[in-house]
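Dear colleague,

Please find below the structure that I am handing over to you, together with its sequence. My notes on what was found in it follow directly after.

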Amino acid sequence: MNPLPDVLADDLDVVFVGINPGLTSAARGHSFATPGNRMWPALHRSGFTPRLLRPEEERDLLSFGLGLTTIVRRPTAKAADLAAGEYVAGGRDLIARMEPLRPRWLALLGVTGYRRAFGAAGATIGPQPGRLAGARVWVLPNPSGLNAHYPPEALAAEFTRFRLAVTR
């Protein structure tokens, strides 16, 4: 199965970075297309987008200064199917892809993906020290419907906290 195409451009305010594409999203050809994924509602409820977008409207994010990519490009049924080396290689690949684009922020969607890709064992949700590819880094909760630690309201609150930091 082919990886999802990135939604990227030069000088974006934020690039949201998922762990890797799910099989449903890869089959549909659009990011966060799995029923129950809460990415699109979180973007809207937090004020990143003026309306609720559908996965097939993902390229509209560019007009809001936002982009999408993943750490690992290989689609899997779940992130647990990825090998440790895939995270590390994916982290290096992400940096190489972001350096020429110069985003202001990288928002990693899921603390586990960030920890594994960048050797940041103690990382928590929120702003991170240092930069990746010149961009400031913030870790957000994974928007998957399987993430029971963050119900929709809590997820939107974390996205809002990040949006407020971006607009400062």
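Helix α5 comprises the 15 residues 152-166, which at 1.5 Å a residue should span 21 Å; the C-alpha atoms at its ends are 21 Å apart, so the expected and the computed lengths agree. Please bear in mind that this is a predicted model. The buried residues of α5 are Leu-155, Ala-156, Glu-158, Phe-159, Phe-162, Ala-165 and Val-166. These buried residues pack against β1 (14-18), α2 (39-45), β3 and β5. As for its placement on the sheet, α5 lies across β1, β3, β4 and β5, and its direction makes an angle of about 165 degrees with that of β5.

The sheet itself is described next. It is open and has five strands in the order β2-β1-β3-β5-β4, with mixed pairing. Strands β2 and β4 form the edges, each of them pairing on one side only. From one strand to the next, the twist averages 25 degrees.

Strand β1 deserves a paragraph of its own. Its pairing with β2 (residues 66-70) is parallel and consists of five bridges. Within this pairing, Val-15 has Gly-67 of β2 as its bridge partner, and Gly-18 is partnered by Thr-70 of β2. With β3, strand β1 also pairs in the parallel sense, here over four bridges; the partner of Phe-16 in β3 is Ala-107.

How many of the five residues of β1 are buried? The strand is mostly covered, with five of its five residues buried. In a regular strand, side chains alternate between the two faces of the sheet. In β1 both faces are covered: Val-14, Phe-16 and Gly-18 are buried on one side, and Val-15 and Val-17 are buried on the other.

Turning to helix α4 (residues 111-118), its buried residues are Val-111, Gly-113, Tyr-114 and Ala-117. Viewed down the axis of α4, these buried residues fall within an arc of 160 degrees, and they therefore line one face of the helix. They pack against α3 (84-98), β3 (105-109), β4 (126-132) and β5 (135-140). The helix lies across β3, β4 and β5, and runs at about 135 degrees to β5. After α4 comes Gly-119, which has a positive phi, near 60 degrees.

The aromatic residues may also be of interest to you. Nine aromatic pairs are found in a search of the whole structure. In one of them, the ring centres of Phe-32 and Trp-40 are 6.4 Å apart and the ring planes stand at 80 degrees; as an angle over 60 degrees counts as edge-to-face, the pair is assigned to that class. Phe-32 and Trp-40 are both buried.

Trp-138 and Phe-162 form another aromatic pair, this one tilted, with 5.3 Å from centre to centre and 45 degrees between the planes. This pair links distant parts of the chain, since Trp-138 belongs to strand β5 and Phe-162 to helix α5, 24 residues apart. Are these two residues buried or exposed? Trp-138 has a relative accessibility of 5% and therefore counts as buried. Phe-162 has a relative accessible area of 0% and is likewise buried. Both residues belong to a cluster linked by ring pairs, which consists of Phe-16, Phe-48, Trp-105, Trp-138, Phe-159 and Phe-162. Among the members of this cluster, Phe-159 and Phe-162 are buried residues of α5, and Phe-16 is one of the buried residues of β1.

A last point concerns Pro-103, which is found in the loop between α3 and β3. With a relative accessible area of 5%, Pro-103 is buried. Which residues does Pro-103 contact, leaving aside its neighbours within four places in sequence? The contacts are with Leu-12, Val-15, Met-98 and Ala-135. Of these, Val-15 is the residue of β1 that has Gly-67 as its bridge partner in β2. Pro-103 and Thr-76, by comparison, are 27 residues apart in sequence, and their C-alpha atoms are 27 Å apart in space.

With kind regards

Conventions
Residues numbered from 1 in each chain as written. Predicted model: local features only at pLDDT ≥ 70, side-chain atom pairs only at ≥ 80, totals over all residues. Heavy atoms only, no water. Buried < 20%, exposed > 50% of the residue type's maximum accessible area, 1.4 Å probe, protein only. Helix = DSSP H or I, 4+ residues; strand = E, 2+ residues; numbered from the N terminus. Arc of directions from axis to C-beta. Contact = heavy atoms within 4.5 Å. Expected span 1.5 Å × (residues − 1). Pairing = 2+ DSSP bridges. Phe/Tyr/Trp six-rings, centres within 6.5 Å; stacked < 30°, edge-to-face > 60°. Axes fitted to C-alpha atoms, helices over the stretch in contact; angles between N-to-C directions.
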